[in-house]
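Here's a quick briefing on the sheet in this model and what packs on it. Have a look at the fold first, then read on.

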Amino acid sequence: MIEWAASDLAQTLGIPREKVRLISPFVGGGFGAKLFLRGDTVLAALAAREARRPVKLTLTRPLITNNTFHRPATIQRIRIGAGRDGRITAIGHESWSGNLPGGKPENAVEQTALFYAGSNRLTALRLSVLDLPEGNAMRAPGEAPGLMALEIAMDEMAEKLGMDPVEFRILNDTQVTPEQPEERFSQRRFVECLRLGAERFG
């Protein structure tokens, strides 16, 4: 991620890549909000060039989400229909999130399109344009809040059906892409993971 930032900074300033030395020893995993070049880095580089001295920039905690970006909040609606035998017949997942003009919605529904069987399906992302700091990657991908909502809904549905939540998931596992059944997964060990988790956690 440091290499990405250094290359992008060189391009932004119109200087050779070898002229850029970017030191950030505390970047950690370097994912999420650390992936992209932001204005704070460009301003530090411009200040260093103007002053002809090294510049160190540190953002306070509140400024990190204001000057870089944050994970957008989501409003999600999930509907699951199933027969008395526990097999899912319909699943719908809609998500609303906000971002700047030209921004993208938080991708909260992608895994719902892939995760459980069911012939009738709806997934939709909706964007509200807001005058707020940019929403973008923040630690885990956008599927994380979507999967949380989906799995809560699966637990609630299992309870309504009077089924064990693990067995409900196993019953509705799929070895093909639900929206394109001709596409088989090359490998999918979800059931194995569920059984192992149930065995170890009880």
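**The sheet at a glance**

Strand E2 is largely enclosed by the rest of the structure, because nine of its 12 residues are buried (under 20% relative accessible area, with a 1.4 Å probe and protein chains only). Keep in mind that this is a predicted model, where local features need pLDDT of at least 70, side-chain atom pairs count only at pLDDT 80 or more, and totals for chains, interfaces and linings use all residues. Residues are numbered from 1 along each chain as its sequence is written, and side-chain values use heavy atoms, leaving out hydrogens and water.

**Layout**
- Three strands (DSSP E runs of at least two residues, numbered from the N terminus) make an open sheet in the order E1-E2-E3, with mixed pairing.
- E1 (74-82) and E3 (120-129) are the edge strands, each with a single partner, so one side of each has no neighbour in the sheet.
- From one strand to the next, the twist averages 5 degrees (axes are lines fitted to C-alpha atoms, and angles run from 0 to 180 degrees between N-to-C directions).

**E1 with E2**
- These two pair (DSSP finds at least two bridges) in the antiparallel sense, over nine bridges.
- Arg77 sits opposite Glu94 in E2.
- Five residues separate E1 and E2 in their hairpin, and Gly86 in the turn has a positive phi of about 95 degrees.

**E2 with E3**
- E2 (residues 88-99) runs parallel to E3, pairing over 10 bridges.
- His93 has Thr123 in E3 as its bridge partner, while Gly98 stands opposite Ser128 in E3.

Conventions
Helix = DSSP H or I, 4+ residues; strand = E, 2+ residues; numbered from the N terminus. Buried < 20%, exposed > 50% of the residue type's maximum accessible area, 1.4 Å probe, protein only.
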